Amino acid sequence: MTNGRVFNFSAGPSVLPEEVLSIAANEMLNYNNSGMSVMEMSHRSEVFESIINDAENHIRSLMGISDDYKVLFLQGGASTQFAMIPLNLLNKHKKAVYIDTGSWASKAAKEAKKYGEIVTLASSKEDTYSYIPKLDSKTFPSDIDYFHITTNNTIYGTRYTPNTLPNAGEVPLVADMSSNILSEEYDINQFAVIYAGAQKNMGPAGVTIVIIKENLIGNALDMTPTMLNYKTHADKDSLYNTPPCYSIYMCKLVYEWLLKKGGVKAMEEVNKYKANLLYSFIDNSSLFTNPVAREDRSLMNITFVTGNPDLDSAFVKEAKVKGLVNLKGHRSVGGMRASIYNAMPVEGVEKLVDFMKEFEVQHK
Ligand code: PMP
C-alpha cells in the first residue's frame with residue numbers, strides 16, 4: 001500500500017485495485033487523447049461507446065457469457081433489481097420462489113410481493129442466517145416464473161458454492177450476485193438472470209450489472225415504468241438515457257485488471273487462499289469464532305466474534321490504529337466482518353491475521 005492508504009475491509013463501497021486507481025488518476029484530465037475526462041464526455045461519443053463496448057466484452061469473456069444473454073449497465077443499485085425482476089418476469093404464473101438467506105434476500109422477496117405470489121421455500125432466519133438451507137429439488141413448485149437466490153450473503157458471510165446451487169430445472173434461476181460476482185467460477189449457464197451492484201467487486205457505486213437471457217426480455221407487466229423495463233435498455237445497448245458513464249469506465253478498468261491477473265479462475269485461487277488464511281486462524285483460535293456452517297462459508301465476507309461485545313469494539317478500534325479499517329460487523333449482527341474482495345491484497349489479510357494473533361495473546 002502506498003500514499004498512506006489503509007487496508008480497507010469495507011463491505012461496500014469497498015477497496016479497488018491500486019493499479020486501477022492509478023490508471024484512472026493518470027487518465028483523469030485527458031482520456032486517450034480525447035482532450036477531456038471520461039466524466040465530461042457525451043455518452044453518445046465514439047470514445048465512450050468504445051469504453052462501454054470494451055466493458056461489456058471484458059465481462060463476457062471473464063464470465064463466459066454467450067450471445068444469448070444481454071449484458072446491461074443500469075442505475076438504481078441491486079435494490080432496484082428487487083423490483084425489476086418481478087416486474088419483468090412475473091408474467092405467466094404470477095408466482096416465484098425465493099430462498100431467504102439474509103436481509104437482502106428477504107428485502108428482494110418483500111419487494112416482489114407487490115407484484116405477485118411469492119413463496120419463501122426455505123429460510124435460515126431462525127438461526128441468524130448462519131447457513132444456506134439444503135433443498136430437495138423434488139419439492140420445488142413448477143408453476144412459477146422464476147426461482148430467486150442470493151449467491152453471497154454480505155452481512156452473514158454465507159454463500160452458495162458453484163456446486164451447491166439449487167437445480168431449478170427449466171425454471172429460470174435468478175441470482176443477486178452483488179457481493180461475489182467475479183470472485184469464483186460459477187457456470188453462467190445455470191442462471192437465467194444475474195444482477196449485481198458494482199460497488200463491491202467491480203467498481204465504484206452507481207452502476208448495476210444485469211446479465212439476462214434474451215428470451216426473458218420483452219414480456220414485462222403492463223404497469224412497468226419505462227426505465228424499469230429490461231427491453232428499454234436492451235434495445236438501446238444500455239444507452240436509452242445517460243448511463244453512469246464514469247462508473248462503467250471504472251468497471252472496464254477493473255475488468256482489464258482481472259484479465260491481466262488471469263481471470264476469474266486465477267482470482268478464485270487467490271480468494272480461496274486469502275479466505276483460508278482467516279478461517280484456519282479463527283478455527284484454531286482460543287478467542288475468535290466464526291458462526292457460519294463450514295460448507296457455506298463466504299470467500300468474500302468473513303464474520304467473527306470474540307463473544308464479548310466490549311472486546312469486539314476494542315478490536316475494531318485497535319485494528320483501525322494499525323491501518324486495518326472498516327472491520328465492524330453489520331449493525332444488525334454486531335461482531336466483526338472482514339470483506340476481502342478481489343482487490344484486497346493477500347498482504348492485507350496477512351496483516352489482519354497477525355493483528356488478530358496479537359490481540360488474542362493480549363486478551364487470553
Ligand atoms: N444485495 C446484496 C447481496 C448486497 O450486499 C447489497 C448491498 N449491501 C444489496 C443487495 C443492495 O445493493 P444496493 O445498495 O446496490 O442497492
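**Exercise 1.** In this predicted model, sort the residues of the shell around the ligand into nonpolar, polar and charged, and find which helix gives the most to that shell.

*Solution.* Begin by listing the residues around the ligand, which are Gly77, Ala78, Ser79, Phe82, Trp104, Thr150, Asn152, Thr154, Asp176, Ser178, Gln199 and Lys200. Next, divide this shell by class, which yields three nonpolar, seven polar and two charged residues; for this step, glycine is counted among the polar residues. Finally, place the residues on the secondary structure: helix 3, which spans residues 77-89, gives the most to the shell, with four residues.

**Exercise 2.** Determine which atoms of Ala78, Thr154 and Gln199 approach an oxygen atom of the ligand, and then state what share of the ligand's accessible area the protein covers.

*Solution.* The cut-off to apply is that a polar contact is a pair of N or O atoms within 3.5 Å. Starting with the backbone, an N or O atom of Ala78 that belongs to the main chain lies 3.0 Å from an oxygen atom of the ligand. Turning to side chains, Gln199 places a polar side-chain atom 2.9 Å from a ligand oxygen atom, and an N or O atom in the side chain of Thr154 is 2.4 Å from an oxygen atom of the ligand. As for cover, the ligand on its own has 390 Å² of accessible area, and the protein covers 85% of it.

**Exercise 3.** Describe the largest pocket by its occupant, its volume and its lining.

*Solution.* The first step is to identify the occupant, and here the space taken by the ligand is the largest pocket. The volume of this pocket is about 420 Å³. Its lining consists of 27 residues, of which Trp104, Thr154, Ile155, Gln199 and Lys200 are the closest to the centre. Two or more lining residues come from each of helix 3, helix 4 (103-112) and strand 13 (336-339). Sorted by class, the lining holds five nonpolar, 16 polar and six charged residues.

**Exercise 4.** Locate Pro13 and Asp237 in the chain, and say what is notable about the backbone at each of them.

*Solution.* A general expectation helps here: most residues other than glycine have a negative phi, and most peptide bonds are trans. Pro13 is found in the loop that runs between strand 1 (7-8) and helix 1 (18-26), and the peptide bond leading from Gly12 to Pro13 is cis, with omega near -10°. Asp237, in turn, lies in the loop between helix 5 (230-235) and helix 6 (245-260), and its phi is near 50°, a positive value in a residue other than glycine.

Key. Residues numbered from 1 in each chain as written. Predicted model: local features only at pLDDT ≥ 70, side-chain atom pairs only at ≥ 80, totals over all residues. Heavy atoms only, no water. Near = heavy atom within 4 Å. Polar contact = N/O pair within 3.5 Å; in protein donor to acceptor, adjacent residues only side chain to side chain. Areas by Shrake-Rupley, 256 points an atom, 1.4 Å probe, with all protein chains shown as cover. 1 Å grid on protein atoms, 1.4 Å probe; cavity = no way out; pocket = protein on both sides within 12 Å on 5 of 7 lines; lining within 4 Å. Sits in = over half its atoms within 2 Å of the grid points. Points joined across faces, edges and corners; volume = space filled by probe spheres on them.
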